[in-house]
Amino acid sequence: MALVVCCLTSVTTKAQESEEMINAVVNVTEPGKLEDLVPPEIWEDKVGSLKVIGNINGTDLRFIRRFCGSDEYGGFYGTNLKTMDLSEAVIVPGGTYYIHIDDKGTVRDYYVPENAPELLPDKLFYNCFTIEKIILPKNIREIGIGCFFKCADLKEIVIPDEVKRINSTAFGACINLETITLPSKLEHLGGYAFTHCKSLNNLTIPEGVKHLHMRLFEQTVKMSTINLPSHIDEIDQECFFGAVALEKITIPEGVELIPERCFEYCSELNEVTMPTTLTSIGNMAFKDNNKLSKIHFNNSLMSIGLQSFMGCESIERLDFPNSLEEIGNEAFRNCKNTKAINFGTGLKSIGELAFFHNNSIEKVTFPEGIMVVDYGAFAECIGIKEVELGKAQPELIQNPFLGCLALEKINVSDDNQKYATEDDVLYSKDFTKLYCYPNARTKTTFVANDALVKVEDVAFWFCKNLKEIEFSPNFTTMGMRPFWGCGNINKITVKTATPAVTDFNDNPFESDNVVLWTSKCQLQVPYGSKANYEASQEWKTFNITETSGIQNVTADNGVRVSAEDGICTIENIPTDYYLAQLIDMNGRTLGKTIISGNTTATLKVNGISHGIYVIVLQGKTGTCGIKVKL
């Protein structure tokens with residue numbers, strides 16, 4: 001055995017300002033004897049740098065850990081040693097365990113493994129608190145799992161250029177690691193390799209690495225630039241998750257999928273360039289990156305997943321490639337500053353709430369081949385003024401434009417075989433279904449097409465401008481919540497004796513204080529059907545009045561009518577009538593009397609004002625109505 005100790009003057013530490021630190025070199029010719037060979041000054045904290053030469057085993061590694069700031073149990077061990085040079089050491093099996101710790105609930109002893117002469121063992125420097133620089137053995141070709149994990153003061157690691165594998169969590173939580181040069185021969189970089197390396201400011205990953213693993217750069221708060229290989233075969237989910245300082249990324253060629261949550265919470269990311277090989281962007285891939293403003297798609301992308309760009313508030317425009325077929329649910333939800341969207345010609349479906357709350361869009365134009373626009377796809381996009389459907393015939397699920405408060409019109413081509421518009425309102429081609437009533441339609445009254453049978457789901461959602469509705473004689477059915485939030489409607493006219501129903505349990509007229517609203521809203525129903533509406537679950541809370549039921553109203557047939565002091569007098573009544581009524585133009589009966597063959601009748605009508613009224617005469621041969629002016 002031989003021992004060589006070299007003492008050199010060096011910078012003094014704060015702990016020992018009056019004493020010079022020495023550099024020591026120890027040549028170990030018999031594994032397990034390091035403890036006996038180190039100079040006594042190392043126990044006195046006078047050694048600033050230690051170089052170990054020769055074969056060392058588990059017993060030696062236990063002491064190397066102590067010199068670097070942690071005992072065999074992972075606890076703190078105070079030392080002033082700042083540099084550990086193992087470049088000419090060879091780690092061999094044998095000796096005791098070098099660390100004894102709880103590993104995910106299981107207490108485990110770590111030994112130097114057999115048959116792995118090129119491996120820097122797992123957890124070797126785990127929790128070594130005080131060491132600042134480590135030079136690794138020249139013979140190693142692989143760095144074990146968690147090898148430097150939580151080396152709090154470690155600033156520099158010198159890795160042999162021949163190393164091909166760095167396993168998971170190798171440098172994780174090395175909060176003071178400032179720089180690292182990865183070996184040019186590197187082929188594998190494990191997950192969480194640099195997680196929480198808060199001082200690392202840039203990194204270049206060698207060309208030999210073809211697979212990027214999970215959470216490599218989480219909470220690397222200074223790493224604004226990551227240089228990736230020019231070609232990558234695969235990226236794991238959450239690979240760049242929490243890379244909070246990353247500003248710009250060009251995803252390498254070869255990548256076909258950006259997986260789930262890959263770039264989530266990259267809070268400084270502002271520009272992304274996609275490769276020509278990319279076909280799919282996974283769920284939540286870029287979620288909540290609120291500084292992301294520029295996305296460069298290539299004409300290979302086919303699908304964008306659930307919430308993939310949700311909360312990316314700074315995206316100003318979206319130019320989708322013609323290859324894109326599917327935009328997933330909530331994909332661009334809350335992208336509040338997107339001013340323009342250009343859908344490619346290949347788009348087939350837009351998912352639920354895909355562009356919900358994108359408040360800066362003013363016009364949406366759909367490609368002709370689109371097949372599905374799902375529920376609320378553009379809901380509450382309060383800037384949209386115009387929708388260009390053109391010849392497109394997608395299935396519109398539950399009003400994709402509900403709550404678009406500025407929406408004035410929906411344009412449909414005359415050649416469209418599925419949809420049509422009338423008075424700016426979107427119907428089915430045959431006008432039997434009403435899909436969307438534009439929130440910002442300026443007219444306060446709406447008369448439905450006579451063919452209308454059904455008002456579809458949420459068709460009138462929060463249409464605050466609407467005051468009066470007149471439905472068709474064919475109106476029978478309401479979808480889910482068609483009139484929610486329409487609390488300013490004060491009159492509804494229906495023309496069917498049987499009340500229209502909804503297939504859902506929700507109140508179709510739900511609004512703020514719905515009972516107060518509907519009790520004030522006049523519901524005018526056909527003559528003789530009031531009882532039907534009073535018994536209807538959907539309509540019973542309205543202020544229900546009947547129309548006269550008169551099919552033909554004549555201007556004059558010799559009958560004379562006058563009103564004075566609350567008494568209405570009807571003269572020259574034909575003798576075959578037995579009942580007379582006075583009805584206003586809203587269908588309300590103001591008075592009635594039995595006439596029994598008399599030619600004159602009087603009605604008490606207190607408070608009658610000047611205007612147009614209808615005298616209704618009922619007899620054995622039928623009913624007639626006479627329009628009169630009082």
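In this predicted model, strand β45 and strand β46 (residues 567-571) run antiparallel and are joined by five bridges. Zooming in on that pairing, Ser562 has Thr569 of β46 as its bridge partner. The two strands belong to an open, antiparallel sheet of three strands, ordered β45-β46-β49. β45 (560-564) and β49 (601-604) each have a single partner strand, so both stand at the edges, with one side left without a neighbour in the sheet. From one strand to the next, the twist averages 20 degrees.

Another antiparallel pair is made by β5 and β6, again over five bridges. Here Ile99 sits opposite Tyr110 of β6. The pair forms a hairpin with two residues between the strands, and Lys104 in the turn has a positive phi of about 55 degrees. This hairpin also turns up in the wall of a pocket: β5 (99-103) and β6 (106-110) are the elements that give two or more residues to the lining of the second largest pocket. That pocket has a volume of about 280 Å³. Its lining takes in Asp102, Asp103, Lys104, Arg108 and Tyr110, along with Asp122, Lys123, Tyr126, Ile145, Phe149, Ser168 and Thr169. So Lys104, the turn residue with the positive phi, is also one of the lining residues.

On to the packing. The largest nonpolar core counts 131 residues, and within it Phe148 and Phe171 touch the most other members. Helix α2 (residues 58-68) gives the most to this core, namely five residues. A second, separate core has 34 residues, among them Tyr427, Ala459, Phe471 and Phe475. Back in the largest core, Phe148 has a long list of contacts once neighbours within four places in sequence are left aside: Leu120, Phe125, Ile134, Leu136, Ile143, Leu154, Ile157, Ala170, Phe171, Gly172 and Cys174. Phe171, then, is itself one of the residues in contact with Phe148.

As for α2, the helix is mostly covered, with ten of its eleven residues buried. The buried set is a mixed bag: Gly58, Thr59, Asp60, Leu61, Arg62, Phe63, Ile64, Arg65, Phe67 and Cys68. These residues pack against α1 (34-37), β2 (47-56), β3 (83-85), β4 (89-91) and β5. Strand β5 thus shows up both next to the buried residues of α2 and in the hairpin with β6.

Finally, the loop between β19 (257-258) and β20 (271-273) is worth a look, starting with Pro259. At 7% relative accessibility this proline falls under the 20% cut-off, so Pro259 counts as buried. Its C-alpha atom is separated by 7.0 Å from that of Ile235, although the two are 24 residues apart along the chain. Not counting residues up to four places away in sequence, Pro259 touches Ile235, Asp236, Gln237, Gly282 and Ala285.

Leu269 lies in the loop between β19 and β20 too. Its relative accessibility is 0%, so Leu269 counts as buried. Lys291 is 22 residues away from Leu269 in sequence, yet the C-alpha atoms of the two are 6.0 Å apart in space. With neighbours within four places set aside, Leu269 is in contact with Leu246, Glu247, Lys248, Ile249, Phe263, Phe286, Asn289, Lys291 and Leu292.

Methods:
Residues numbered from 1 in each chain as written. Predicted model: local features only at pLDDT ≥ 70, side-chain atom pairs only at ≥ 80, totals over all residues. Heavy atoms only, no water. Pairing = 2+ DSSP bridges. Helix = DSSP H or I, 4+ residues; strand = E, 2+ residues; numbered from the N terminus. Axes fitted to C-alpha atoms, helices over the stretch in contact; angles between N-to-C directions. Core = buried A, V, L, I, M, F, W, Y, C linked by side-chain atoms within 4.5 Å. Buried < 20%, exposed > 50% of the residue type's maximum accessible area, 1.4 Å probe, protein only. Contact = heavy atoms within 4.5 Å. 1 Å grid on protein atoms, 1.4 Å probe; cavity = no way out; pocket = protein on both sides within 12 Å on 5 of 7 lines; lining within 4 Å. Points joined across faces, edges and corners; volume = space filled by probe spheres on them.
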